[in-house]
Amino acid sequence: MSYLDEIFGLAGKVAIVTGGGRGIGQTVAIGLAKAGAEVVVIARSNADETISKITGEGGKCCFVRADVTKEAEVDAALAEIMQKSGRIDVVFNNAGICKHQSTFEACVADWREVIDTNLTGEYIMARAAAKIMVENGIHGSIINMASMSGTIANIPQWQCSYNASKAGVIHMTRSLALEWAKYGIRVNSLSPGYIATPMSVDTPQELKDAWMPLIPMHRMGTPEELVPAVLYLASSASGYTTGSDIIVDGAYTCF
Ligand code: NDP
């Protein structure tokens, strides 16, 4: 086994990727499978494309349907995974939504939907998975998708609910890391800057033009550029890293 496989390899591990049917989740699912993990995608619609990309390269991937905002669906999904795969080692808590609205345009239902999906959904999944890890003596790794928006408030688009949800994810991550350190469960977050995916690629060109001068690297990142950070957090390479937030943003948050 090579040195890199020994440190970053995920052979024998089961990794859940929420929202892994497209976008960042799909690319990370492929990366986790290439590192040797058996990947389970959880989303509301399907993961056909992700499954065919992974299995086409000889990797292992399956889909379990659940809405991360619904505790009973998450519990049922994790029970199914335990029955089929026997363990849960890694959770990439990635499912999320964003609404560009001024606070006066938005209604409280908009706020609730974003907080429910991005913050409460990650809480429900992390809590349910960690319980299973503890019951089975698994020293797992939970990686919560945050955003640079948890550190800065974006301009020129208004997205108060999203920014608040991601700030919540970062602090929830620190809190859970402290609480679960005694079980050997590590909890970290990932905070990307603007990444080219369906969520951001379809945004109007004038908005992207407004972002560019604010990004010191003058470009959006790619989902592939997030994979190494997730592999680090998922593997034994990060054995002493917990409660951290890894920012991958082309230096956006530096000024
Ligand atoms: P996409 O919109 O491409 O993908 C989001 C995924 O989340 C979809 O697969 C969707 O699947 C799933 N999802 C949404 N709501 C739920 C739910 N209630 N239950 C289960 N699954 C759900 O987004 P991105 O790939 O761009 O973003 C992924 C994550 O990265 C998000 O948390 C986002 O906030 C974060 N992020 C993105 C950035 C970017 O620039 N793109 C920057 C920083 C952070 P389905 O509809 O089938 O349920």
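Trainee: Which residue forms a salt bridge with Lys99, and how far apart are the closest N and O atoms?
Mentor: Glu113 does, with the closest N and O atoms 2.8 Å apart. Keep in mind that this is a predicted model.

Trainee: Where do Glu113 and Lys99 lie?
Mentor: Glu113 is in helix α5, residues 108–135, and Lys99 is in the loop between β4 (90–93) and α5, so the pair ties together parts that are 14 residues apart in sequence.

Trainee: Which residues are joined with them into one network?
Mentor: Asp110 joins Lys99 and Glu113 in one network, through salt bridges that share partners.

Trainee: Is Glu113 buried, exposed or partly exposed?
Mentor: Partly exposed, because its relative accessible area is 39%.

Trainee: How many salt bridges does the count come to?
Mentor: Eight. Two of them deserve a look for their place in helices: Lys53 with Glu49, and Lys84 with Glu80.

Trainee: Start with Lys53 and Glu49. Where do they lie?
Mentor: Both are in helix α3, residues 48–56, four residues apart, which is about one turn of the helix. Their closest N and O atoms are 3.7 Å apart.

Trainee: And how exposed is Lys53?
Mentor: Lys53 has a relative accessible area of 40%, so it counts as partly exposed. Glu49 is partly exposed too, at 46%.

Trainee: Now Lys84 and Glu80. What is the N to O distance?
Mentor: The side chains of Lys84 and Glu80 meet at 2.7 Å, N to O. Both residues sit in helix α4 (residues 71–85), four residues apart, about one turn of the helix.

Trainee: Is Lys84 buried or exposed?
Mentor: Lys84 counts as exposed because its relative accessibility is 59%. Its partner Glu80 is partly exposed, with a relative accessible area of 30%.

Trainee: Changing topic to the ligand. Which residues come nearest?
Mentor: Arg44, Ser45, Asn94, Tyr162 and Thr197, out of the 27 residues around the ligand.

Trainee: What is that shell like by class?
Mentor: There are 13 nonpolar, ten polar and four charged residues in the shell around the ligand.

Trainee: Which helices each supply at least two residues of the shell?
Mentor: α2 (23–34), α6 (160–180) and α7 (198–201). Of the elements, α7 gives the most, with three residues.

Trainee: What about polar atoms? Start with Arg22.
Mentor: An N or O atom in the side chain of Arg22 is 3.1 Å from an oxygen atom of the ligand. For Lys166, a side-chain N or O atom is 3.0 Å from an oxygen atom of the ligand. Val68 is a backbone case: one of its polar backbone atoms is 3.0 Å from a nitrogen atom of the ligand.

Trainee: How much of the ligand's accessible area does the protein cover?
Mentor: The protein covers 95% of the 880 Å² that the ligand has on its own.

Trainee: On to the surface. Which residues form a nonpolar patch?
Mentor: Tyr3, Leu4 and Phe8, with about 340 Å² of accessible area together. Tyr3 lies in helix α1, residues 3–8.

Trainee: Is Tyr3 buried or exposed?
Mentor: Exposed, because its relative accessibility is 60%.

Trainee: Backbone next. Which peptide bond is cis?
Mentor: The bond from Ile155 to Pro156 is cis, with omega near 0°. Pro156 is in the loop between β5 (141–145) and α6.

Trainee: Why single out a cis bond or a positive phi?
Mentor: Because most peptide bonds are trans, and most residues other than glycine have a negative phi.

Trainee: What is phi of His218, then?
Mentor: Near 55°, a positive value in a residue other than glycine. His218 lies in the loop between α8 (205–211) and α9 (227–234). Its relative accessible area is 54%, so His218 is exposed.

Trainee: And Ala251, what is its phi?
Mentor: Phi of Ala251 is positive as well, at about 80°, although the residue is not a glycine. Ala251 lies in the segment after β7 (245–248).

Trainee: What is the relative accessible area of Ala251?
Mentor: It is 25%, so Ala251 counts as partly exposed.

Notes:
Residues are numbered from 1 along each chain as its sequence is written. This is a predicted model: local features need pLDDT of at least 70, side-chain atom pairs count only at pLDDT 80 or more; totals for chains, interfaces and linings use all residues. Side-chain values use heavy atoms; hydrogens and water are left out. A residue is near a molecule or strand if one of its heavy atoms lies within 4 Å of it. A polar contact is a pair of N or O atoms within 3.5 Å; within protein, one must be able to donate a hydrogen and the other to accept it, and residues adjacent in sequence count only if both atoms are side-chain atoms. Accessible areas come from the Shrake-Rupley method with a 1.4 Å probe; for residues, only the protein chains shown count as cover. Ala, Val, Leu, Ile, Met, Phe, Trp, Tyr, Cys and Pro count as nonpolar, Asp, Glu, Lys and Arg as charged, and the others, Gly among them, as polar. Patches are made of residues with over 30% relative accessible area and no salt bridge: like charges are joined within 9 Å, nonpolar side chains (Val, Leu, Ile, Met, Phe, Trp, Tyr) within 5 Å. A salt bridge is a side-chain nitrogen of Lys or Arg within 4 Å of a carboxyl oxygen of Asp or Glu. Buried means under 20% relative accessible area, exposed over 50%, partly exposed in between (1.4 Å probe, protein chains only).
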